[in-house]
Amino acid sequence: MTPERRPRLLVVDDNEVLVDNLSEILSSAGYTVRGAGTCREGLELARDGFDVALVDLKLPDGDGTGLAPLLKELAPDGEVVLLTGFATLESAMAAVRAGACAYLVKPCATQELLVTVEQAMRQVRLHAEKRELSRRAQTAEKLAAVGTMTAGLSHEIRNPLNAAALQLTVLERRIQKLGRDAQPTLLEPLTLVRDEIRRLDHILEDFLQFARPREFQARPLDVARLAARVVDLLSVEAERRNVRLERDLVPCPPVAGDDERLRQVLVNLGLNALEAVGENGRVAVSCLPEPAEPGAPGAAHVLVRVDDDGPGVPPDQRDRVFEPFFTTKAEGSGLGLSIVHAIVAQHGGTITVEESPLGGARFTLRLPVRG
């Protein structure tokens, strides 16, 4: 299970003492808190995202009822709680019209503050669950479409591809019987056609594998050793691209998995990283045990991370990169990361993407330790 990040709170109030007090209380309760004294500062901080914003009704450069909708535009899944020192029916109605989920009168008791923020967080989690359910429904529809196409693709495309490949082999043998001077000009377009047929065959294989994932027998697997083999395999490609490929592979307890399928996952992530960075780029593959809780004995999961210093994955695309057919590449089926996600899910694990300490993307594979 992915460890939850600390919820992010934004406090917008021109009373610095109050902001400091609220920050101290909420930080002690497990929240990450940032404070702002004006509407402008609040909007600037909100661009980095927030879960719940505590906003004063009266601010030096505006009011909370006007700020709340702007904050919701920046964080549609976030919630706003309005603060006021003077509770009136009109101010309560204004809070509702502004889209606030709650209303607190200053100064508020600590327990009331914590309960209100937690209620707002429940709404935030509900928004996330609804979005995830919608994403799963869309994925299921695409899966059904792929499944319907698969039978036709298998017969209607693969058979002609096989026949064309066979004829190319025959043609190549005939060309090789000609004089050596004539061979290069004839073999060059033949090689190009063969490469294109191979590319089409790979795309078809992606469709087939995604629509009909094969079952596997889980066996004890040393992920660190597997990752080392994959890095050795990728080192040739990294050298060709003049990319620095690093490894930090700590011995880990075994997971229950399929060597071939997890190898496919790591190769896919590694190649994607190599393609993402430019010449003189940097890619790092790491593997380490993760305890169930910080400081707890033993490991609950094995983490494999693939980091790069490329352009990264924009935040608005991170929820979509594992969707079927979603791709930012000019070529390809858009199924590579979907297949990766499906394989990881078969192993009872998770895969996420975030910003890497190297500046690009970090893909984190989390696999449960074999019980």
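This report walks through the fold, the cores, one helix, one cavity and a few odd spots of the structure above.

The model is predicted, so to speak with care: local features need pLDDT of at least 70, side-chain atom pairs count only at pLDDT 80 or more, and totals for chains, interfaces and linings use all residues. Residues are numbered from 1 along each chain as its sequence is written, and side-chain values use heavy atoms, with hydrogens and water left out.

## The overall picture

The protein chain has ten helices and 14 strands. Helices here are DSSP runs of H or I with at least four residues, strands are runs of E with at least two, and both are numbered from the N terminus. Of the 371 residues in the chain, 38% are buried. "Buried" means under 20% relative accessible area, "exposed" means over 50%, and "partly exposed" is in between (1.4 Å probe, protein chains only).

Next, contacts, which are heavy atoms within 4.5 Å. Take the contacts in the chain with a separation of 6 or more: 68% of them join residues 24 or more positions apart.

## Two nonpolar cores

A nonpolar core is a set of buried Ala, Val, Leu, Ile, Met, Phe, Trp, Tyr and Cys residues joined through side-chain atoms within 4.5 Å. The largest one has 40 residues, and L269 and F363 touch the most other members. Helix 8 (223-241), helix 9 (259-276), strand 11 (282-290), strand 12 (301-308), helix 10 (336-346), strand 13 (350-355) and strand 14 (361-368) each supply at least two residues of this core. Apart from it lies another core of 19 residues, including L22, V33, V52 and L83.

Which residues does L269 touch, not counting those up to four places away in sequence? They are V306, L337, V340, I351 and F363.

## An aromatic pair

F363 turns up again here. Rings of Phe, Tyr and Trp (its six-membered ring) pair if their centres lie within 6.5 Å; planes under 30 degrees apart count as stacked, over 60 as edge-to-face and the rest as tilted. By this rule there is one aromatic pair. F322 and F363 form it, edge-to-face, with 6.2 Å centre to centre and 90 degrees between the planes. F322 sits in the loop between strand 12 and helix 10 while F363 is in strand 14, so the pair ties together parts that are 41 residues apart in sequence. F322 is buried, at 11% relative accessible area, and F363 counts as buried at 11%.

The loop that holds F322 is also home to F325, between strand 12 and helix 10. F325 counts as partly exposed. Its C-alpha atom is separated by 8.1 Å from that of S338, 13 residues apart along the chain.

## Helix 2 and its two sides

In helix 2 (residues 39-46), C39, G42, L43 and A46 are buried. Seen down the helix axis, these buried residues fall within an arc of 95 degrees, so they line one face of the helix. (The arc is that of the directions from the helix axis to the C-beta atoms.) Why does this sort of pattern come up? An α-helix has 3.6 residues a turn, so residues three or four places apart point the same way.

The face turned away from the buried side of helix 2 carries the exposed residues R40 and E44. Among the elements that cover the buried residues of helix 2 are strand 1 (8-12), strand 2 (32-36) and helix 3 (64-74).

## A cavity

A cavity is a set of points, on a 1 Å grid over the protein atoms alone, where a 1.4 Å probe fits but cannot get out; lining residues have an atom within 4 Å of a point. Grid points are joined across faces, edges and corners, and a volume is the space filled by probe spheres set on the points. The whole structure has one cavity of 30 Å³ or more, and about 40 Å³ of space lies in the largest cavity. A227, V230, V231, L234, L266, G270, V285 and V306 line it. Helix 8 gives the most to this lining, with four residues.

## Odd spots in the backbone

Most residues other than glycine have a negative phi, and most peptide bonds are trans. The peptide bond from K106 to P107 is cis, with omega near -10 degrees. P107 is in the loop between strand 7 (102-105) and helix 5 (110-156). Two residues other than glycine with a positive phi are set out below.

| Residue | Phi | Loop between | Relative accessible area |
|---|---|---|---|
| N242 | near 60 degrees | helix 8 and strand 9 (244-249) | 35%, partly exposed |
| N280 | near 65 degrees | helix 9 and strand 11 | 59%, exposed |

Note on methods. The arc is that of the directions from the helix axis to the C-beta atoms. On a 1 Å grid over the protein atoms alone, a cavity is a set of points where a 1.4 Å probe fits but cannot get out, and a pocket is an open set with protein on both sides within 12 Å along at least five of seven lines; lining residues have an atom within 4 Å of a point.
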